[in-house]
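Trainee: I'm new to this one. Could you take me on a close look at the second largest pocket and what sits around it?

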Amino acid sequence: ISDSEVSLSISDSEVSLSISDSEVSELKELKEQKGSLEGQLEKASAGQLEAEKKLKDSVEELEMTKKAKDNAEEQWRNLNSSLEKLEKDLEAEKEKNVKIQSKIDEQTLLRANEVDVLKEKLAVTEKHLSATQTELENINAERDEAIKRCKLSDGRELALQSKLVTLEEMRCALHNRVMQLSGNIRVLVRVRPLIQAEIDMIAKKNGKKNSRCMSKAPTSAENVEECPFHFPGIDYHNGPPSSTAASSSTSSSSTFTDDISKNLLEVTEPFKDHSGFKNRRKKWKFSFNHVFSPTHTQEDVWSAAEPLIQSTIDGFNVCIFSYGQTGSGKTYTMLGNDENPGITARSVRRLFDAKQEIEAASNGASSVHISVELLEIYNEKVRDLLVGPSTEKPNLKVNS
């Protein structure tokens, strides 16, 4: 009830105290109207509350609708942006497809050209293949013919190998027989040239500036007389000597022919001044299996020693040693130098060559092993030269 209504009721009560009964009825009517108005007012208030509630609901619904609209608009904008992006991507893809298509067309054209080239090459290859097949057939025919010949050759090879073995056995036997006939013990002598000091001494003694006595083969009677060594069994390379030397050579050649396995070395006593008396110079003749003069080379010495090395290869024991006074040329004969190797170097080379030949001929079935020992005998003491300084030296003795 509002303030106007309260004031009205108070005034009515105060008035009722002074008004009459007629007015009481009017007052009742007014109360009834008031009651009805209050009822209407309550209804209106209730309707207003309901209307406010509906309005609130409508406002909430409107806000929800606005939010939905905003969301829809946002989605629409997103969709539009996505659509624009997709359209741009589509345009880019179209451009890429155009480029790819152009490349595909180019590659297709290139591949077509390559296919044409390959077809031409294939045709040429087929022609070559046909020619190769024909050639292969010819080669197969030649191979079959070669196989037949090889089979025949195998039989011949076996026969030849058997014959070769027999001939090799015969060669070894005959070579051994020749070595026995030549003597199981042989003595070969080699006379070295004079050294410069000896040449100067002879020249001084004879009153000459130079002497060619032993530096090369004698070429005159004077040189023959000056030379203490003569070799009757050796032909001079520079022609026959003078009459004096020829007579000496002729007289001794008859002796040399008595034994064809021997060579003579004639030594003449050095010249002495007998004060006008006739010069009587003694001569000695020595017989050796072979005599090498100062004109002989290392190859000549090796030609005489090589058959003994062949006997070693054939399985026989062979011993070659040099003997002579100091300075007589033993080391040069046995070892030599790089330009003129001696017997030792040539023998080792020949042994290893034979080793390779034997192993190659056997196709690996045989293996040859070579061992070496190096001893020194000096003042009846034996030293092993291959033993190192830190190794305990063995006690070696010479057995008689």
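Mentor: Let's start with a term: a residue is buried when its relative accessible area is under 20%, exposed when over 50%, and partly exposed in between, using a 1.4 Å probe and protein chains only. By that yardstick, 14% of the protein's 400 residues count as buried. Keep in mind that this is a predicted model, where local features need pLDDT of at least 70 and side-chain atom pairs count only at pLDDT 80 or more, while totals for chains, interfaces and linings use all residues. Residues are numbered from 1 along each chain as its sequence is written, and side-chain values use heavy atoms, with hydrogens and water left out.

The protein has 8 helices and 7 strands (DSSP runs numbered from the N terminus: H or I over at least four residues for helices, E over at least two for strands).

Now to your pocket. A pocket here is an open set of points on a 1 Å grid over the protein atoms alone, where a 1.4 Å probe fits, with protein on both sides within 12 Å along at least five of seven lines; its lining residues have an atom within 4 Å of a point. The second largest pocket has a volume of about 1,700 Å³, a volume being the space filled by probe spheres set on grid points joined across faces, edges and corners. Its lining has 33 residues, and those closest to the centre are Ile-320, Met-334, Thr-344, Glu-373 and Leu-374. Four elements give two or more residues each: helices H6 (298-314), H7 (330-334) and H8 (343-361), plus strand S6 (375-378). H8 gives the most, with 9 residues. By type, the lining splits into 22 nonpolar, 7 polar and 4 charged residues. For that split, Ala, Val, Leu, Ile, Met, Phe, Trp, Tyr, Cys and Pro are nonpolar, Asp, Glu, Lys and Arg are charged, and the others, Gly among them, are polar.

Follow S6 out of the lining and you reach a hairpin: S6 and S7 have 2 residues between them, and Asn-379 in the turn has a positive phi of about 55°. The two strands pair in the antiparallel sense over 4 bridges (pairing takes at least two DSSP bridges between strands). Across the hairpin, Tyr-378 has Lys-381 in S7 as its bridge partner.

For a second example of pairing, look at the open sheet of 3 strands, ordered S2-S3-S4 and antiparallel. S2 (229-230) and S4 (283-288) are at its edges with a single partner strand each, so one side of each has no neighbour in the sheet.
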